[in-house]
Structure formats: C-alpha cells, structure tokens
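The report below takes up salt bridges, one helix and its packing, and a pocket. It is written to be read alongside the coordinates.

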Amino acid sequence: QTKELLRMIVECGMQERTYMKYYGVLAERFAKARKENGEMFDELFAQYYATVHRLETNKLRNVAKIFAHLLHSDSMPWSCLEYILLNEEETTSSSRIFIKILFQEISEYMGLTKLRERMEDRFMAQHFAGLFPRDNPRNTRFAINFFTSIGLGGLTEGLREHLKNLPKMIMQHQADDSDSSSSSSSSSSSSSSSSSSSSSSSSS
C-alpha cells in the first residue's frame, strides 16, 4: 500500500506539463520518513527505467527529475544506478534521454566535483560499473562519448585513463600468459626427463 502511495507521487509529478519541485520534495519527505520507503523508491526506479521507452518525452523528463531530487538529497540508495547499463546495445534513445536529464539535474544540485567524488567512491564502484563500463573498449568509448556530449565529461577521467592504459595491460597479460606457459612446458619437460632417468637407472 505504501509503495502504491509512492508510485502515485511519481505519477502525479509525471503528469505535470513542466517539472514541479514540489513532487521531488514530497517524495524526499516520504523517503526519509522510513528507510523502507527509500528502498521502495529503488524498486520504482528499476520499474520506470525498464519501461521508460513507453513514456512521452515530457513525462520522461519529469520522472528523471524526481529521481534526481531523491538521489542528490540522499533520500534513496545510489545503488539504484546499477540498473543502468550504458552501452549501445542496452540503451534506447529514450533511456539515454532519461540518463542525460538524471545526471544533468544531479550535477546542477551537487556540482560536478561532488558528483565525480560520489561516482569515484570505491565502496560503490560495483553499483556504478554499468555506467562506467570497462568490460570492452567499445563500451568504454560509448560511455565517454555519452557523458562528454551532455557536458559531464569530467565524470569520465577514470575511463579515459583505463582506455589509455589498456594496450599496456593487454601486453602485460600476454607476457604473463607466455611466461606461465613456458614455465609449465619447462616443468613438464624436466619432469619427463627425470622420469626417464629414473627408469634407466632402475633398468641398470
């Protein structure tokens, strides 16, 4: 029942022609009243993000701004951002607009420096891995280009550094593989030679 009340706040705010901060503040008050409410907003975030492609641009913008308010005011867990996988295959034009508005709004309230510090929090890194992908260079470049295009390129310094160091990391990895394979082959040849010498001594 509480969850439906929280959903109603978001839905009412979504229907407005332009974003009204009143709904963000109202959502914040409910979220801070009980910890469970903040966790329910986390569930709602996942549901709205998954169906964002069904929303008109105006409604999409209002929803993004309500959740931006909840995040910058620390009214809901930032771990909700783990639902976002920022790459070409797993985003749509609608979800990219949502992410753009969400982060621009948070940055406007917090400032880029504080937002970057939050994004670089090592204790939260696992929840932000989808936003700042390092699984392959293509996804890394996509995220860098996306944040740069919306005026938040400062959030991508870690990704840029990762991309710059990637060739060295690959070479190091190949060198390690080569060392381990050569050491295993030498150990197998030494074990085979020792077994052959032991067999020859037993025959004599």
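## Charged pairs, a packed helix and a pocket

Glu 28 is buried, with a relative accessible area of 18%, and this value belongs to a predicted model. Its salt-bridge partner is Lys 32, and the closest N and O atoms of the two are 3.0 Å apart. Lys 32, by contrast with a buried residue, is partly exposed, with a relative accessible area of 49%. The two residues are four apart in helix α2, so about one helical turn separates them. Side chains of opposite charge can pair when their charged atoms come close.

How many salt bridges does a search of the whole structure find? The search finds nine, and three of them are set out here.

| Salt bridge | Closest N and O atoms |
|---|---|
| Lys 32 and Glu 28 | 3.0 Å |
| Glu 89 and Arg 138 | 3.0 Å |
| Lys 164 and Glu 161 | 3.9 Å |

In the second row, Glu 89 forms its salt bridge with Arg 138. That pair links distant parts of the chain, since Glu 89 sits in the loop between α4 and α5 while Arg 138 belongs to helix α8 (residues 137-149), 49 residues apart. Glu 89 and Arg 138 are both exposed.

The third row stays within one element: Lys 164 and Glu 161 both lie in helix α9 (residues 157-203), three residues apart, which is about one turn of the helix. Lys 164 counts as exposed because its relative accessibility is 58%, whereas Glu 161, at 39% relative accessibility, counts as partly exposed. Elsewhere, salt bridges that share partners join Glu 88, Glu 89 and Arg 138 into one network.

### Helix α4 and Leu 71

Helix α4 (residues 57-72) has 16 residues, and the 22 Å from its first C-alpha to its last is close to the 22 Å expected at 1.5 Å a residue. Its buried residues include Leu 60, Val 63, Ile 66, Phe 67 and Leu 70, and also Asn 62, His 69 and His 72. The buried residues of α4 pack against α1 (2-15), α2 (21-33), α3 (35-50) and α5 (93-110). After α4 comes Asp 74, which has a positive phi, near 55°.

Leu 71 lies in helix α4 and is buried, with a relative accessible area of 0%. When its neighbours within four places in sequence are left aside, Leu 71 is in contact with Met 76, Pro 77, Trp 78, Cys 80, Leu 81, Leu 102 and Ile 106. Of these partners, Leu 102 is 31 residues from Leu 71 in sequence, and the two are 9.3 Å apart in space, C-alpha to C-alpha.

### The largest pocket

The largest pocket has a volume of about 220 Å³. It is lined by 14 residues, of which Met 119, Glu 120, Phe 128, Phe 132 and Arg 134 lie nearest its centre. The elements that contribute two or more residues to this lining are α7 (125-128) and α9, and the largest share, three residues, comes from α9. Sorted by class, the lining of the largest pocket holds seven nonpolar, two polar and five charged residues. Helix α9 thus appears in two of the topics above, as it holds both Lys 164 and Glu 161 and gives the largest share of the lining of the largest pocket.

Notes: Residues numbered from 1 in each chain as written. Predicted model: local features only at pLDDT ≥ 70, side-chain atom pairs only at ≥ 80, totals over all residues. Heavy atoms only, no water. Expected span 1.5 Å × (residues − 1). Buried < 20%, exposed > 50% of the residue type's maximum accessible area, 1.4 Å probe, protein only. Contact = heavy atoms within 4.5 Å. Salt bridge = Lys/Arg side-chain N within 4 Å of Asp/Glu carboxyl O. 1 Å grid on protein atoms, 1.4 Å probe; cavity = no way out; pocket = protein on both sides within 12 Å on 5 of 7 lines; lining within 4 Å. Points joined across faces, edges and corners; volume = space filled by probe spheres on them. Nonpolar A, V, L, I, M, F, W, Y, C, P; charged D, E, K, R; others polar.
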